[in-house]
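The exercises below ask the reader to work from the overall fold of a protein chain down to individual charged side chains. Each task is followed by a solution that proceeds step by step.

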Amino acid sequence: QVQLVESGGGLVQPGGSLRLSCATSGFTLDHYSIGWFRRAPGKEREGVGCISSTDGSTYFADSVKGRFTISRDNAKNTVYLQMNSLKPEDTADYYCAASINFVNTIAAIKDPQGSAMDYWGTGTLVAVSS
């Protein structure tokens, strides 16, 4: 059974940091690129960033570039989203998703409404507030 389980969300003050984890099972993570997405209350899903399955290449949306990083530990079947310099507008449910195709994952980050990922997690809430 394929599972992606996000954790690490919570309440943080503006300017603070959080690290989200995406623990995977039921498929070979080495073969999949992972994307992170978020949905703020009352808004459409937004692509955050992604990491390839091969050389660790990453791609980020302009809204988080320079503040967020993504890493992966295939031995632990886990992908991480490190979020620094958090802003109130980063408040959202954060989801990880897997795709066998990195080009498709980048497309999904750019157009979350128009592209499909193979597997999705259930999300973790991040709230940035003072």
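## Exercise 1: Fold and overall form

Task: determine which secondary-structure elements the protein chain has and in what order they run.

Solution. The protein chain of this predicted model has one helix and eleven strands. Read from the N terminus on, the elements run β-β-β-β-β-β-β-β-β-α-β-β.

Task: decide how the radius of gyration of the protein chain agrees with that of a compact globule.

Solution. For 130 residues, a compact globule would have a radius of gyration near 14 Å, and the protein chain has 13 Å, which agrees. Taken along the principal axes, the C-alpha atoms fill a box of roughly 40 × 30 × 25 Å. As a further step, consider burial and contacts: 44% of the 130 residues count as buried, and among contacts with a separation of 6 or more, 62% are accounted for by residues 24 or more positions apart. The exposed area of the protein chain is about 6300 Å², of which carbon and sulfur atoms supply 46%.

## Exercise 2: Charges and salt bridges

Task: state how many positive and negative side chains the protein chain has, and how many salt bridges a search of the whole structure finds.

Solution. There are 11 positive and 12 negative side chains, and the centres of the two sets lie 4 Å apart. The search of the whole structure finds four salt bridges. One of them joins the side chains of D62 and K65, at 3.0 Å from N to O; D62 is exposed, with a relative accessible area of 66%.

## Exercise 3: The surroundings of D90

Task: is D90 buried or exposed, and which parts of the chain does its salt bridge with R38 tie together?

Solution. Begin with accessibility: D90 has a relative accessible area of 0%, so this residue falls under the 20% limit and is buried. Next, take the salt bridge between D90 and R38, with 2.9 Å from N to O. D90 lies in the loop between β8 (78–83) and β9 (92–99), whereas R38 belongs to strand β4 (residues 33–39), so the pair ties together parts that are 52 residues apart in sequence. R38 also counts as buried, at 5% relative accessibility.

D90 meets R67 as well, in a salt bridge of 2.7 Å from N to O. Because R67 lies in the loop between β6 (58–60) and β7 (68–73), this pair ties together parts that are 23 residues apart in sequence. R67 is buried, with a relative accessible area of 10%. As the last step, salt bridges that share partners join R38, E46, R67 and D90 into one network.

How values were computed
Residues numbered from 1 in each chain as written. Predicted model: local features only at pLDDT ≥ 70, side-chain atom pairs only at ≥ 80, totals over all residues. Heavy atoms only, no water. Helix = DSSP H or I, 4+ residues; strand = E, 2+ residues; numbered from the N terminus. Rg over C-alpha atoms; globule rule 2.2 N^0.38 Å. Buried < 20%, exposed > 50% of the residue type's maximum accessible area, 1.4 Å probe, protein only. Contact = heavy atoms within 4.5 Å. Areas by Shrake-Rupley, 256 points an atom, 1.4 Å probe, with all protein chains shown as cover. Lys, Arg positive; Asp, Glu negative; His and termini not counted. Charge placed at Lys NZ, Arg CZ, Asp CG, Glu CD.
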